[in-house]
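Welcome to a short tour of a protein fold. Take a moment to turn the structure around, and then we will start from one residue and work outwards.

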Amino acid sequence: MSKVLFVYAKGGPPLGYALSRVAARSAVHLLALSALPPTVAASADRLCASVLIPAESERRDLVSLIVSRAQAVGADAVVTFSEYAVVAVAEACEKLGLAGAGDCCALARDKRMMRRTWQERGISQPRFRPVATEQDLHDAAAALRFPLLLKAAWSAGSTAHRILRSPDDVPAAWERAREVMAESAQLGYAELHVADAGADFLVEEIVPGTATGWFDQEGWGDYVSVEGVVVDGDFRPVCLSGRMPTVEPFTERAGITPAALPDDAQRRIVALAREAVDALGLRNCGTHTEIKLGADGQMWVIETAARFGGAMTVPQIEEVFGLDLIGMLTDHLLGRPVSWPAEVRTPQEAHGAAGSLVVLAVDGAGDAWPDQRVWDFPTVRDAVPLSAGSHLSVVAENSLPDGTPVPAYDPAAGANTMAALCLLSATDPETVICDFRTLVDALPGTLPTTGTTEVLA
């Protein structure tokens, strides 16, 4: 029987979901670089041939750790679905002679190298500058056009994003962004292979995005993501995911599969995504490419990852299009034939729609809730009216236990301050948008209070 070494770290699709798909294809040996979610620990013992939680000292040379563990279990493939481990796994696969993302994987991880590569190819993207010090940020702010967005080069989930509207914002933005990266590292949301990655930043111009002219319905955000895979260097787009508008600065609130876009718009977006992915020289991996939408058909590539979209993106694709991307990629890495979609899937080919909503303590306008509330999914499920045919569930692995106070939203911390992740199945993407707007409006008045009158800030 084939053997797969599954390198687990925080981020990516829920571990329980991903592990079950890999285990259906092969014997699985789990190398856990993050603590296993309590909801998954029991099933991991059942699904895996072995589970190894390495000592801290063993993690200092992560590539060597992965290589030695793969050799010890006789792995025929090594997989990870975490942003924070993709570079280490790619390098380990190169040393092992196994199929993987390839030696250019870092270009799809370090946003500075990614942007430079696209700049050399003339690919449409926001103007940017790498920054390593506060003085670098002052210099970049003088060369670029406000408003600007400061972001960490190795972050994920909109962590450490800070908006600068004038030169006066530079000192506070620089200090807070660095603080958040240090806090995220303590929570396990940090690059695992590159030393001092939390000190690397870039700043970019905020391009004027709009959903108008792209979507017929209100409530959609001004960017989409192209979900796909690279197979022996060939980019295979699978589908497009849409979004609700982000919460300032750019924290994602919801992802919807499929994006309700006309065929011509979808083709243009996929063509730009193909340029972006091809430029990075990836070999065998999932891809997740974010593209900003502007007026009069303008588009800008924001970033590409050498892994599948996180949160519930992959489970949503399986529900709507019947494609088990994790299982398919596992088969491919093991050298088995896989029938990848010949062309990107369209909304007309979807069976219903699915979306995932991040529960944050802000209303539809992005303003903080007036008082603190306690997360309680049964209350939400029973009290919030949804459309006929819609079904709401909670992703326990990515949610606080019922009865836990909802954290105050911190713009710099982004998704680190989420309370829960909810999954909605509906008849079509327009209904997902409608039901999510209803949920967002209802949450601050539906959830129980903590008994405090303190205003969240």
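Let's begin with L240. Setting aside neighbours within four places in sequence, L240 is in contact with V224, S225, V226, I256, P258, A259, L261, Q266, I269, V270 and V344. Keep in mind as you explore that this is a predicted model.

What larger group does L240 belong to? L240 is one of the residues with the most contacts inside the largest nonpolar core, along with F215, L261, I269 and W375. That core has 69 residues, and its largest share, nine residues, comes from helix α8 (residues 263-280). Apart from this core lies another one, of 38 residues, among them Y17, V229, C239 and F308. There is a general idea behind such groups: in soluble globular proteins, nonpolar side chains tend to be buried together.

Now look at the strands. Eight of them form an open sheet with antiparallel pairing, in the order β13-β12-β9-β10-β11-β14-β16-β15. The edge strands are β13 (299-305) and β15 (391-394), each pairing on one side only. From one strand to the next, the twist averages 25°. Within this sheet, you can find R243 standing opposite G255 in β11.

A helix accompanies part of this sheet. Helix α12 (residues 429-446) lies across β11, β14 (353-359), β15 and β16 (420-426), and runs at about 20° to β14.

Next, travel back to strand β1 (residues 3-8). Is this strand mostly covered or mostly open? Five of the six residues in β1 are buried, so you will find the strand mostly covered, where buried means under 20% relative accessible area. Strand β1 has parallel partners in β2 and in β4. Facing β2, F6 of β1 stands opposite L30; towards β4, the bridge partner of L5 is V78. Together, β1, helix α1 (residues 15-23) and β2 make a right-handed β-α-β unit.

Here are three strand pairs side by side, so that you can look each one up:

| Strand pair | Residues of the second strand | Bridges | Direction |
|---|---|---|---|
| β1 and β2 | 27-32 | six bridges | parallel |
| β1 and β4 | 77-79 | three bridges | parallel |
| β10 and β11 | 254-257 | two bridges | antiparallel |

To finish, try finding L240 again: it is among the residues with the most contacts in the 69-residue core. Then follow the chain back to β1 and see how β1, α1 and β2 form their right-handed unit.

Notes
Residues numbered from 1 in each chain as written. Predicted model: local features only at pLDDT ≥ 70, side-chain atom pairs only at ≥ 80, totals over all residues. Heavy atoms only, no water. Buried < 20%, exposed > 50% of the residue type's maximum accessible area, 1.4 Å probe, protein only. Helix = DSSP H or I, 4+ residues; strand = E, 2+ residues; numbered from the N terminus. Pairing = 2+ DSSP bridges. Right-handed = clockwise from strand over helix to strand, strands pointing away. Axes fitted to C-alpha atoms, helices over the stretch in contact; angles between N-to-C directions. Contact = heavy atoms within 4.5 Å. Core = buried A, V, L, I, M, F, W, Y, C linked by side-chain atoms within 4.5 Å.
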